Amino acid sequence: MSSTPNGDSDEQLSVSEPKTWAAGVPAVAHALQYSLEQTSPRRTALTLLNMNQVDGIDCPGCAWPDPAPGHRHKNEYCENGAKHINDEATSSRVTADFFAQHPVSELAQQSDEWLNRQGRLTEPMVKRPGSDHYVPISWHDALEMVATELRALDSPDEAAFYTSGRVSNEAAFVLQLFARAFGTNNLPDCSNLCHESSGTALSETLGTGKGTVSLLDLHHADLIFVVGQNPGTNHPRQLSALEEAKRNGARIIAVNPLPEAGLFRFKNPQKPRGVIGRGVPIADQYLPIRLGGDLSFFRALNRLLLEAEDARPGEVLDHDFIAASTSGFEEFAEHARSTDWDTVLAETGLSRAEIEAVRDEVLRADRIVVCWAMGITQHRHAVPTIREMVNFLLLRGNVGRAGAGACPVRGHSNVQGDRTMGIWEQMPDHFLDALRDEFGFEPPRHHGFDAVNTIRAMHEGRIKVFLGVAGNFVRATPDSAVTEEAMRRCRLTAHVSTKLNRSHTVCGETALILPTLGRTEIDVQASGEQFVTVEDSMSEVHASHGRLEPASRVLLSEVAILARLANKTVHDTVDIPWQEFEDDYGTIRDRISRIVPGFHDFNARVVRPGGLRLPNPVNEGMFPTRTGTAIFTRNDGSAPTAPPRHLLLQTLRSHDQWNTVPYTNNDRYRGIHGSRRVVLVNAEDMDELGLAERDRVDLVSVWSDDVERRAPGFEVVAYPTPRGCAAAYYPETNVLVPLDSVAEVSNQPASKSVVVRLETVGAPVTAGRG
Ligand code: SF4
C-alpha cells in the first residue's frame with residue numbers, strides 16, 4: 001500500500017458491518033501478523049514475553065495499569081500493545097543512505113503510515129538552511145548546534161521544550177530541570193492535548209489532578225460508567241478489568257456517540273471461553289449520546305437523584321459525606337433542580353426514560369466508578385462536564401472509598417508520570433521551591449506556554465527554537481496548516497525520536513533529528529545497565545527494563561541526549577551534575593525522591609515487584625482544594641450545535657493506529673477497510689443532505705475567522721452515529737480543528753466538536769457494503 005498525506009492511496013475503500021465484539025482470536029492473529037512483519041520471531045518473542053511483566057518492558061501503547069504481581073498472565077498485553085511494541089522493535093532501518101535518496105520535499109508528500117514503516121532512525125541528521133536533504137552530523141556537533149542556538153536567544157522564553165508521554169520519568173525530570181535551569185517554563189506536552197480538561201476540573205473540585213481509583217476499585221465497583229471512551233481500541237486491557245468487574249456482579253453503562261465494538265462484548269483471548277465462546281457482554285445499557293451532550297446528561301441525572309432524595313428522604317444521598325467532606329452543595333442543588341428537560345433531551349439525543357433507567361441503576365449501586373477519556377475532554381465545555389461528573393460522584397459519596405471514584409483513562413504510557421515529574425508550564429510554587437532548594441538556582445515563576453500557545457508563539461515569531469522529545473508535534477496538534485507554518489518559522493527545530501514521522505519533514509530554518517533508544521532496548525551507561533520508570537493511569541510507578549539490542553550502536557538514550565545538551569547549554573550558570581545523571585539514572589531518582597511528593601526511597605521501592613503506588617490525598621479523606629473539602633460546582637454550558645445543513649464532527653483513531661501513526665488503512669471493528677479518508681454519517685443525515693453511500697466530499701470546517709479549513713477527498717459512509725454527528729480519523733482531520741477552538745479554562749483543543757459542511761466533489765464511487 002502507498003498513500004500521500006492527502007490519502008491518495010492505491011487501495012480501495014470497502015465497508016462491512018461494524019463488529020459487535022472486541023478481541024478474541026482475530027486480535028491475537030492480527031497482533032502476531034503485524035509483529036512478525038516488523039521483526040524476527042526471536043525478537044517478537046522477546047518483546048511479547050517480557051511485556052508488562054515484573055522486571056519486563058512497560059508497554060508503550062497506553063497508560064492502563066498492570067494487575068498486581070502474581071496475578072499477571074504470561075501474555076499480559078493486548079493486540080494494540082503487541083503491535084506498538086513491535087513497531088518499535090522493527091528490523092527496518094532509516095540510514096544516511098535513505099536520506100540521501102529522499103529529499104525532505106519528497107518525504108513531506110508521504111503518508112504518516114509510509115514514514116513510520118521505514119523503520120528506526122540510526123544516526124543524528126541535520127538539514128541545513130537552503131538544503132532539501134538531511135545529512136549526517138556527529139552527536140557532538142548536533143548538540144553543540146542546539147546549545148548555540150539556545151544560548152543566542154534574546155530570552156529563554158524564545159524556546160519551547162515539548163514532551164510526549166513516551167518519555168520516562170527520569171528523562172522527563174531531566175528535561176524540565178534543564179528547561180528551568182535555562183530559564184523558561186515553556187514545557188508544552190501531549191497532556192495539553194488529551195487530559196488537560198480532566199486535570200483542571202479534578203484539581204478544582206477534588207484537589208488532585210489525577211484519577212482516584214485503582215484496578216481493584218474497578219474490579220469491586222457495583223456500577224461503572226464508561227463515558228466518551230472507546231476501550232476496545234484505545235485501552236484494550238481495560239476490557240479485562242470490566243470483565244472481572246462483571247464477574248463480581250458489576251453493571252456497566254456506556255455513554256458514547258458511536259456504538260464501539262468493545263462497549264458491547266469482549267472475548268478475552270487469554271481465557272478458553274474468550275477463544276471459543278461468545279465472550280462476555282460489557283454494557284448493560286448503552287446510551288448513544290449526541291456529541292457534547294454529556295454535561296446535560298449528568299445534570300439531568302443529578303436532578304433525578306435530588307428528586308429521588310425528596311421522595312425518599314435520607315435514603316439516596318450520602319448526607320454524612322456531604323456534610324463532613326464537601327462544600328457548595330446547596331448552590332449546586334438549586335442549580336441542578338433548574339435543569340431543563342427540553343434542553344437535556346435536545347442536547348443528549350436521549351429519551352427521558354433512558355436517563356431515568358440510569359438513575360435506577362445508580363440507586364441500586366453502593367460503589368460507582370466513572371471512567372472517561374477524550375470523548376469528554378476535547379469539548380469546549382469539557383471542564384464543566386467533568387465537574388458535573390464529580391458532582392454526581394459526590395452526591396452518593398462515591399469518592400475516596402473502595403470500589404468508587406473518578407477514572408480519567410490516559411492514553412500515552414507515561415503521560416501522567418511526565419506531569420508528576422514537572423512537565424507543566426505552570427508547576428506550583430512548592431515544586432519550584434523544592435527544585436531551588438535541591439539545585440541552588442531560582443526557577444522562573446511566570447507561567448510558560450502550553451501546546452496551543454506554543455503554536456501561537458511560534459507562528460508569531462516569539463518562539464525560535466523548538467525541541468521535541470518523542471511524539472509527532474505537527475500531527476498531534478490542531479489546525480495542521482497553521483501548526484506547520486509555525487514550525488517552519490522557527491530558527492531551529494530538533495526532535496528526539498525513535499522513528500521517522502511527519503514532524504521531521506516540517507522543518508525550521510535548520511532541523512535536527514536526534515535518534516534515541518526505545519523503551520524496548522538495553523540501555524548501558526557508565527555505571528552499568530539502566531532501567532527507567534513510568535507511572536500509569538492509576539498512579540502506579542514501576543520499572544521498565546529494555547531487553548533488545550539497540551537498533552544502532554550510535555543511538556543515545558533520552559537521558560543522555562538531554563543531560564549532554566543541558567551540560568552544553570547551562571553549565572556556566574547552574575551547578576547540576578548532568579554527567580552523573582547520564583552515568584547512573586539512580587542518581588536522578590535520588591533527586592526525584594527529595595523533590596516530588598510520594599517518591600521517598602524511590603530507588604529502593606521501585607525495584608520491589610510491582611513498584612509503588614503514589615498516595616492520593618482524596619483516598620485519605622483529604623481534599624486539598626481552596627476550601628479544604630471536595631467542592632460541588634454549578635455548571636453551565638451548552639452542547640455544541642451545528643447550523644442547518646452542517647454536522648458536528650469528532651476526530652478519532654482507527655483500531656489500527658497508535659496515536660498519530662496509522663499502521664494500515666483498516667479499522668476492523670468499525671468495518672472500514674482500505675481507506676482512512678472516510679466520514680461516518682448518520683443515514684438520515686445523508687438523506688437530508690442529499691448524500692449517497694460513497695459520495696466523495698470535502699470536509700470544510702466553519703469557524704468565526706475567515707480562514708478556510710478544508711480536508712479534501714473523503715468518502716461518505718453511513719454509520720449509526722447520532723443525528724447531526726459525524727466522525728473522521730485524526731490526524732488527517734486535525735486540519736479542520738481551529739487553533740482557537742479550545743476547552744474553556746484548560747485550553748485543550750476541542751477536537752470533538754468541529755462544525756463542518758460536506759461539499760460534494762466528482763461522481764460517487766459505485767461499490768456498496770460488502
Ligand atoms: S491496554 Fe494499553 S498498556 Fe495494556 S497492552 Fe494494551 S496498549 Fe499496552
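This note covers the two largest pockets and selected salt bridges of a predicted model.

1. Basis. In this predicted model, local features need pLDDT of at least 70 and side-chain atom pairs count only at pLDDT 80 or more, while totals for chains, interfaces and linings use all residues. Residues are numbered from 1 along each chain as its sequence is written, and side-chain values use heavy atoms, with hydrogens and water left out.

2. Largest pocket. Its volume is about 1,100 Å³. The closest to its centre, of 41 lining residues, are S203, T208, G209, K210 and W424. A pocket here is an open set of points on a 1 Å grid over the protein atoms alone, where a 1.4 Å probe fits, with protein on both sides within 12 Å along at least five of seven lines; lining residues have an atom within 4 Å of a point. Volume is the space filled by probe spheres set on the points, which are joined across faces, edges and corners.

3. Its lining. At least two residues each come from α9 (191-194), α10 (196-206), α22 (415-420) and α23 (429-439), and α10 gives the most, with five. Helices (H or I, at least four residues) and strands (E, at least two) are DSSP runs numbered from the N terminus. The lining has 14 nonpolar, 20 polar and seven charged residues (nonpolar: Ala, Val, Leu, Ile, Met, Phe, Trp, Tyr, Cys and Pro; charged: Asp, Glu, Lys and Arg; polar: the others, Gly among them).

4. Second largest pocket. This one has a volume of about 650 Å³. Of its 29 lining residues, D66, P67, A68, L215 and H219 are the closest to the centre. Helix α13 (238-247) is among the elements supplying at least two residues and gives the most, with four. The split is nine nonpolar, ten polar and ten charged.

5. D429 and R445. The whole structure holds 59 salt bridges (a side-chain nitrogen of Lys or Arg within 4 Å of a carboxyl oxygen of Asp or Glu). In one, the closest N and O atoms of D429 and R445 are 3.1 Å apart. D429 lies in helix α23 and R445 in the loop between α23 and α24 (451-459), so the bridge ties together parts 16 residues apart in sequence. Salt bridges that share partners join both residues with D433, R436, D437 and E442 into one network.

6. D685 and R723. These side chains meet in a salt bridge at 2.7 Å, N to O. The pair links helix α31 (residues 683-689) to the loop between β31 (709-718) and β32 (725-729), 38 residues apart. D685 is buried at 5% relative accessible area, whereas R723 is partly exposed at 34% (buried is under 20%, exposed over 50%, partly exposed in between, with a 1.4 Å probe and protein chains only).
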